Amino acid sequence: MPADAGTPLPADARTPLAASADNGLKIVVVGGFGVGKTTLVRSVSEIRPLNTEETMTQAGEAVDDISEVRDKSATTVAFDFGRITLDARNVLYLFGAPGQERFWFLWDRLFSGTLGAVVLVDTRRIDDSWYAIDRLEHHGTPFIVACNDFGGHPHTPAQVREALDLDPHIPLVDCDARSRESGKRVLITLVEYIQSLYAATGAPGAVGAVGAVGETPLKSPELAL
């Protein structure tokens, strides 16, 4: 496990929001049950993240398929929330959507006003990602796909693309949701992709030269770790 993997912020950790910040950019992390959405938000947030996790009970076994996530003891029942300062004016707000089917009715509300999305995938249960992609396409929300590393049988990018029927232009990356550096690379990939879409349409940049994710400078048009 990476040294920065899933390291929780101290209870008194606070990163004040700059008084000059006046542009909030909303990103949603979606995917199936137990793919690591809460972990990703927690690992990259500069503030103590808001989690709405509840302890899983035996009653839930009849509702949620836990066959591939036997070690999971808690589940998100509303959404996760974290924050990353991009620069003096721009702030990235992260929302992690619940993965269980019974909470999908929340997704359309979470997608409202969203700049872009990360679809987190467990390649052992790739079918669980279909609904997320379908709803994002329905809303016309730009998204990338990130395959979270659960140590299972490796799949080639071509196999994942075929299984998800991804358009060739949609970025597909590997990640470890426990690692802050890996999570930052996922978000940088999403920002780059959104910038490329705006550049292609000739519309004003939604993100522009966005400064930094955490302590990492982002340079336009080519973002760098």
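**A mixed sheet and the helices across it**

Ile126 turns up in the loop that links strand 6 (116-121) to helix 3 (130-139). Helices and strands here are DSSP runs numbered from the N terminus, with at least four residues of H or I for a helix and at least two of E for a strand. The model is a predicted one, with local features needing pLDDT of at least 70 and side-chain atom pairs counting only at pLDDT 80 or more, while totals for chains, interfaces and linings use all residues. Residues are numbered from 1 along each chain as its sequence is written, and side-chain values use heavy atoms, with hydrogens and water left out.

Is Ile126 buried or exposed? Its relative accessibility is 16%, so Ile126 counts as buried; the cut-offs are under 20% relative accessible area for buried, over 50% for exposed and partly exposed in between, with a 1.4 Å probe and protein chains only. Setting aside neighbours within four places in sequence, Ile126 has contacts with Val121, Val160, Ala163 and Leu164, where contact means heavy atoms within 4.5 Å. Val35 sits 91 residues away from Ile126 along the chain, and the C-alpha atoms of the two are 10.0 Å apart.

Taken as a whole, the protein has 5 helices and 10 strands. Of its 225 residues, 47% are buried. Among contacts with a separation of 6 or more, 74% are between residues 24 or more positions apart. The accessible surface is about 11300 Å², and carbon and sulfur atoms hold 52% of that; these areas come from the Shrake-Rupley method with a 1.4 Å probe, and for residues only the protein chains shown count as cover.

Now to the sheet. It is an open one of 6 strands, ordered 4-5-1-6-7-8, with mixed pairing; two strands pair if DSSP finds at least two bridges between them. Strand 4 (80-85) and strand 8 are at the edges with a single partner strand each, so each has one side without a neighbour in the sheet. From one strand to the next, the twist averages 25°. Strands 6 and 7 run parallel and are joined by 5 bridges, and Val119 has Val145 in strand 7 as its bridge partner. Strand 7 (residues 143-148) also pairs with strand 8 in the parallel sense, over 4 bridges, with Ala146 opposite Val173 of strand 8.

In a regular strand, side chains alternate between the two faces of the sheet. Strand 8 (residues 172-175) shows this: Val173 and Cys175 point to one face and are buried, whereas Leu172 and Asp174 point to the other and are not.

Which helices lie across these strands? Helix 4 (residues 157-164) crosses strands 6, 7 and 8, running at about 115° to strand 8. Helix 1 lies across strand 1 (23-31), strand 4, strand 5 (90-96) and strand 6, at about 30° to strand 4. Angles run from 0 to 180 degrees between N-to-C directions, and axes are lines fitted to C-alpha atoms, for helices over the stretch in contact.

Helix 1 is mostly covered, with 6 of its 8 residues buried: Lys37, Thr38, Leu40, Val41, Ser43 and Val44. The axes of helix 1 (residues 37-44) and helix 5 (residues 180-201) come within 8 Å and cross at roughly 100°. The two helices are therefore roughly perpendicular, on a scale where under 35 degrees is roughly parallel, over 145 roughly antiparallel, 65 to 115 roughly perpendicular and the rest oblique. Leu40, Ser43 and Val44 of helix 1 make the contact with Arg180, Gly183, Lys184 and Leu187 of helix 5.
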